[in-house]
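Please open the model in your viewer and follow the stops below in order, making each selection before reading what is to be found there.

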Amino acid sequence: MFAALLHWLDERFDWDDLTAPLRHKTVPSHRLSYWYFLGGITLFLFVIQVLTGILLLLYYRPGANEAFESVQYIMTRVRFGWLVRSIHSWSANLMIFTAFAHMFSVLFLKAYRKPRELTWVTGVILLFLVMGFGFSGYLLPWNTLAFFATKVGTEITGQVPVVGKPMMIFLRGGEEVTGATLTRFFGFHVAVLPGLVTVLLLLHVLLVQRLGMSVPPKLEVQWTANPSAKREMRFLPNFLLRELMAWYVALGVLGALAAVFPWNLGVKADPFVSAPAGIKPEWYFLFMFQTLKLIPSKVWFIDGEVLGVLAFGLVGLLWILLPFFESDQPSHMKRWITGLSVFALAYVLGMSVYGYLAK
Amino acid sequence: MTADLLSQPETTRRRVIEFFLGGGLLASFASFIYPVLRYLVPPAVVDLGGDEIVAAKLNELKPNSGKIFRFGSRPGLLIMNSDGTYRALSATCTHLGCTVQYRNDLREIWCACHNGIYDLNGRNVSGPPPRPLDVFDVHVRGDEIVVSRKREA
Amino acid sequence: MAILRNKLRPFSAALVGLAGFVVIAVCLVYGQSSGQTKNSCLDCHSALPDPLGVTQEKFSQDIHAQKGLTCASCHGGDPTSDDPDKAMSKKAGWRGKIDRKQIPELCGSCHSDPAYIRQFNPSLRTDQLGQYRTSVHGKRFAAGDTKVAVCTDCHSVHDLRAPGDLRSTVNPVNVANTCARCHADADYMKGYSIPTDQFAKYSASVHHQALAVRGDLSAPTCSTCHGNHGAAPPGIDKVQNVCSNCHAFQAQMYEKSTHKKAFDAASLPGCVVCHGNHGIAHPTDAYLGTGPEAVCMRCHTPGDKCDQARAGLQSSLSQLDEAIRSSDQVLRVAESSGMEVSEARLGQDQAQDSLTKARVTIHSFRTDLVDQDIQAGLKIAATNLQAGKDAMVERNYRRLGLGISIVAIGIVLAGLRLYIKKIES
């Protein structure tokens, strides 16, 4: 019956020709092959986000006087509302984690090398967009923590010289964080960001399919010298089946987290109350937040916070362009980038832990 | 015959796999789809938003009596006047937060904690309360009495 | 503009202008010192040291100055003259430093005249002097005691502010400090037979906490219970009248109770017997107990009928308190497990209200009335406890559902593993 369906598709869409690359796709099989799963898991979690997000859209109301109550309604009155919402929140955090892990694994396995530079570029931009998803989505329940986290976060954006203030006003929908900010963030979260991510994601995945899977440099040298040593696995069905296992494990983990640690509702935001002491952003912003806290208030003649924001902006830009700094010839550059990668990972991890533990 | 013998463990093995996979997939899909389907059905208590609530039914209150109802996370007071009209106010006393009540003998709102008195418009007329009570809008919809927060001008 | 034909005209115009300018300048210079009337006194007295010194800055804060009065309004003399001899002459009515014995009459000469005060503030009272004469201070003053308070001791002088001004010595938040200036000074109060610990006690009280710390202006200070101009202790049999102005419900209960008759007969001061007068603390259920805070056992004999009633009252209150606490606990656990119990939490407020009501009804000293409130509260607490338990049941149901789906996922994983093994063998 399955074959009959395929035949039907083939007669109309040239299905066999279309799916040929997928059927011929192979995945290199080596000690570090497990890292290849991360991209797929991130994609899977994104799909979960879209599905649970659409379900939440059926009951959520954006608007300062309704948002909190609608989320409360979902958590308490809607059948399995607690499950859908908790899965959405947990999957968001998990996805950001796997996105970071995916980026770092690509970095260390040097999969960004020529000809895969554009895959890296789209990937890093996707990472930034995913963090934007996290930032915009966090505000939507309109509770105290989210309100002040948004206030602090957009305040920091406003520090950028020249363009910072207009950017902040654009993000906030005004001078202050108000119901207008909520409406705007809602629009970003359910329309603008999904649109951008879909386009970039298609590009990213297409590039991966066209260019095939990368192999770590040392291994590549070995296999070019000795082609018989090459170990590969067919994508369909072998690798895909393994990926399905990974996705099922992810589902189990999500369900367990949602049931045992349901996501908090918090207290409805009140703009006239002062910020709770020790307010911190979500964990994926901690390393930047902690860095800004550590920079002295004045460096030379430049305001410390401005310097920090500009520095991160610059690092972000350079991160996108990373593959173009490494070309085939000079090897000292390669070592440079390896060192930088180690430093970056250590810095992100270390600063996040520091930020979590700090008062 | 040898062929039959050879294929036996093969078939059982395949059957086992089929059972695990098929059965497992079915069970897991059911455990995903079931909550989603239940989720899609709107609950009995409709969400009117944080600004509105059904405080009482039409014939629930007698003239010149009051009822405490929940409005968000705070109590509200619904009063039916002697002429059959309704009014609704916040029931949290502005002095120290006790819940006020309607006194049908005084035709005023009274707080038992320190003898604070408000008139039917919520104005604090006697005793320690420093501020008036918030007044809500009341509409009758069908057989429901709906209380909503005042629209901001 | 008219064209001046005559050559003399510009000169006369200039002369008029100059004269006008001179007149205006003189008025401005001499009008500087006081609002409406000239007050030459401050020209010298602002530079003199204490006790003769009053600075312009200080006097400008005084409400009398702001209303247009001058030093001469009380001290007499001629404020328009710059010559000290003329300004402070007997002919001009100069009285010099006002003798302490004359102060109430002096202030009363305006403040007891309704027609005069009406010109400035028609709703200001004019019975202060009359009230003062009925007060302990006034009576002693009339008998010749000059140590007691007169107008200026409380209201200050030369920088007298209206009571509504937060910096005024007689603003409600400052009254206790003003009274304490004498009444907490043990040396000053030597010779009088009253204690000097009232301020210390009051500062530790729940009323002070409300007024000075929380800013609740409905909370009492010294003058609320004792009166201000007619200050005197309320009188032993009138104490509950004073307290009843705010604590009406408790007073009603007490009025009908057996204790009122007993206390009146024994000349005991009502509410003060159990609650104290100045150092009123937040009452606790321990008042009904047998420990150090117990008030009943100060009079009652252990084992008698009243002691048994007391024990009953105490156990009722603690029963409801315990019920509320335990249902709070269950709700808290349910909430931290992710269950939503805000409706039940609101119900807890109502249960707490019942407990508060029971604690008020205690003042009737009737176990049957108190029980009514207790039972109502227990019912509410029980409902909320049930809600909390239901929430826990729901929580367990969720975990069961999770377990089932995990098992299903496990089966799929096992199946996939087997399948992979099979196709790769």
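Start with chain A of this predicted model, and select helix H6 (residues 117-139) together with helix H13 (residues 304-320), whose axes come within 8 Å and cross at roughly 145°. On the H6(A) side, show the side chains of A:Trp120, A:Val121, A:Val124, A:Ile125 and A:Phe128, which make the contact with A:Gly316, A:Trp319 and A:Ile320 of H13(A). If you colour these residues by class, seven come out as nonpolar, one as polar and none as charged.

Stay in chain A and select A:Phe135, A:Phe170, A:Phe185, A:Phe188, A:Trp283, A:Tyr284 and A:Phe285, which ring pairs link into a cluster. Over all chains, the count of aromatic pairs comes to 31. One of them is formed by A:Tyr59 and B:Tyr39, an edge-to-face pair with 5.2 Å from centre to centre and 85° between the planes. This pair crosses between chains, so to speak: A:Tyr59 belongs to the loop between helix H3 (37-57) and helix H4 (67-76) of chain A, while B:Tyr39 belongs to helix H1 (residues 2-40) of chain B. Are these two rings buried or exposed? A:Tyr59 counts as buried because its relative accessible area is 13%, under the 20% limit, and B:Tyr39 is buried too, at 0% relative accessibility.

Now isolate chain B, which holds one helix and 10 strands, running α-β-β-β-β-β-β-β-β-β-β from the N terminus on. Colouring chain B by accessibility will show buried residues making up 37% of its 153 residues. Among the chain B contacts between residues at least 6 apart in sequence, 38% join residues at least 24 apart.

Select next the six strands that form an open, antiparallel sheet in chain B, in the order S1-S10-S9-S4-S3-S2. Strand S1 (52-57) and strand S2 (65-71) stand at the edges, and each has a single partner strand, so one side of each is left without a neighbour in the sheet. Looking along this sheet, you will find neighbouring strands turned by 30° against each other on average, direction ignored. Within the sheet, zoom in on strand S3 (residues 74-80) and strand S4 (residues 86-90) of chain B, which pair in the antiparallel sense over five bridges; here B:Gly76 has B:Ser90 of S4(B) as its bridge partner. Then bring chain C back into view and select helix H21 (residues 342-361), which lies across S2 and S3 of chain B and runs at about 140° to S2(B).

Return to chain B for a sheet of four strands, again open and antiparallel, in the order S5-S6-S7-S8. In this sheet S5 and S8 are the edge strands, each with a single partner strand, so one side of each is left without a neighbour in the sheet. The average turn between neighbouring strands is 40° here, direction ignored.

Walk through this sheet strand by strand, beginning with strand S5 (residues 101-103) and strand S6 (residues 108-111) of chain B, which run antiparallel and are joined by three bridges. B:Arg103 has B:Glu108 as its bridge partner in S6(B), and the charged end of B:Arg103 sits over the ring of B:Trp110, 4.5 Å from the ring centre. S5(B) and S6(B) form a hairpin with four residues between them, and in the turn B:Arg107 has a positive phi of about 50°.

Moving on, three bridges join S6(B) to strand S7 (residues 116-118) of chain B, also antiparallel, with B:Gly116 of S7(B) as the bridge partner of B:Cys111. This hairpin too has four residues between its strands, and B:Asn115 takes a positive phi near 65°. S7(B) and S8(B) then pair in the antiparallel sense over two bridges, and B:Tyr118 stands opposite B:Asn124 in S8(B).

Select B:Val125 in strand S8 (residues 124-126) of chain B. B:Val125 counts as partly exposed because its relative accessibility is 47%, and, apart from neighbours within four places in sequence, B:Val125 is in contact with B:Glu108, B:Ile117, B:Tyr118 and B:Asp119. B:Val125 and B:Ile109 are 16 residues apart in sequence and 9.9 Å apart in space, C-alpha to C-alpha.

For a last stop, go to chain C and select C:Lys147, which lies over the face of C:Tyr188 at 4.6 Å from the ring centre.

Conventions. Residues are numbered from 1 along each chain as its sequence is written. Chains are lettered from A and ligands numbered from 1 in the order in which they are written. This is a predicted model: local features need pLDDT of at least 70, side-chain atom pairs count only at pLDDT 80 or more; totals for chains, interfaces and linings use all residues. Side-chain values use heavy atoms; hydrogens and water are left out. Axes are lines fitted to C-alpha atoms, for helices over the stretch in contact, and angles run from 0 to 180 degrees between N-to-C directions. Contact means heavy atoms within 4.5 Å. Ala, Val, Leu, Ile, Met, Phe, Trp, Tyr, Cys and Pro count as nonpolar, Asp, Glu, Lys and Arg as charged, and the others, Gly among them, as polar. Rings of Phe, Tyr and Trp (its six-membered ring) pair if their centres lie within 6.5 Å; planes under 30 degrees apart count as stacked, over 60 as edge-to-face and the rest as tilted. Buried means under 20% relative accessible area, exposed over 50%, partly exposed in between (1.4 Å probe, protein chains only). A charge sits over a ring if NZ of Lys or CZ of Arg is within 6 Å of the ring centre and within 35 degrees of the ring normal. Two strands pair if DSSP finds at least two bridges between them.
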